[in-house]
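Got the viewer open? Let's take a short walk, one selection at a time.

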Amino acid sequence: MPLYKSVNIDKDTRLLIWKNTESLEEFFNHIKLKDSCSLRVDGMKSELHKKGFLGVRMLLQEIGYTDFDLFYDSDGKPHLTDGMNISITHSYAFSAIIVSKNDIGIDMELQREKVITIADKFIEPEFNYLDPSHLTDYMKQLIVIWGVKEAVYKMISRAGLSFKQNIYVFPFELTDKHGMTSVNYEDINESYPFYFEEVEDFTLVYCLGSKTKL
Ligand SMILES: CC(C)(COP(=O)(O)OP(=O)(O)OC[C@H]1O[C@@H](n2cnc3c(N)ncnc32)[C@H](O)[C@@H]1OP(=O)(O)O)[C@@H](O)C(=O)NCCC(=O)NCCS
């Protein structure tokens, strides 16, 4: 039952990562799901997807919640019944959540060169500072930018928000492990800090938003 990481980012925010190495049977021995979530799991074709979903429930239990404390709005954004903010990601063998009194978003992406071929779908002005001649660093930077935009999207969750046109990632160094991103969309004109780290062959990214009242 491997809790991979559990860390307080600040006094209001906790990050947790689970490595999904257990069998489905082991998961089900430890987790009780709402009927709606049982139906979702039953409908998932891939075992990896099921484990990613169940790994999130293991993480919830680590911090005193259960599946019954989590619900989704009509856009698919998760919420906790006590008013705390939550963001969720799962990728292959990992699941991760971030829980905070503040707005937050999280994403985890496998580091793979395929990102180079799809970069023009989510990047435009950032190409001005990226250097494709150093292939590994270029790929890792693209993964960070992609992760930042996914995390920001999850934090804001507004229909029509474009990765390319509305979310910008300012120049950053891979060694810095943090940077700034801005959103310009409808009434939003804000900058947010983001943080990233490597977890085995993956890049984990999270962004922190403004304070929300509880
Ligand atoms: C919804 C989306 C953010 C999910 O991200 P992903 O990288 O595919 O998958 P992840 O595993 O990281 O995240 C999935 C989790 O995001 C959360 N999520 C889904 N929709 C969400 C929303 N509107 N707002 C916030 N969180 C959301 C859910 O918790 C989901 O997991 P769960 O349903 O098992 O609880 C993504 O698919 C998406 O729609 N992105 C925006 C579309 C876009 O412009 N894409 C361009 C890519 S080039």
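Start by selecting I167: its bridge partner is V183, in β9. A quick note on the model: it is predicted, with local features needing pLDDT of at least 70 and side-chain atom pairs pLDDT 80 or more, while totals for chains, interfaces and linings use all residues. Numbering runs from 1 along each chain as its sequence is written, and side-chain values use heavy atoms, without hydrogens and water.

Now widen to β8 and β9 (178-185), an antiparallel pair joined by three bridges. Strands here are DSSP runs (E, at least two residues; helices are H or I, at least four), numbered from the N terminus, and two strands pair if DSSP finds at least two bridges between them.

Next, show the whole open sheet: five antiparallel strands, ordered β7-β11-β10-β9-β8. Its edges are β7 (104-110) and β8 (167-169), each pairing on one side only.

Add helix α5 (135-156), which packs on this sheet and touches β7, β8, β9, β10 and β11; contact means heavy atoms within 4.5 Å. The direction of α5 makes about 145° with that of β7, using lines fitted to C-alpha atoms (for helices, over the stretch in contact) and N-to-C angles from 0 to 180 degrees.

Last stop: the ligand. Which residues come nearest? Of the 18 around the ligand, they are R40, Y72, T89, H90 and K154, where "around" means a heavy atom within 4 Å. Zoom in on Y72, with a polar side-chain atom 2.5 Å from a ligand oxygen. For T89, a side-chain N or O atom sits 2.7 Å from an oxygen of the ligand.

Key
A polar contact is a pair of N or O atoms within 3.5 Å; within protein, one must be able to donate a hydrogen and the other to accept it, and residues adjacent in sequence count only if both atoms are side-chain atoms.
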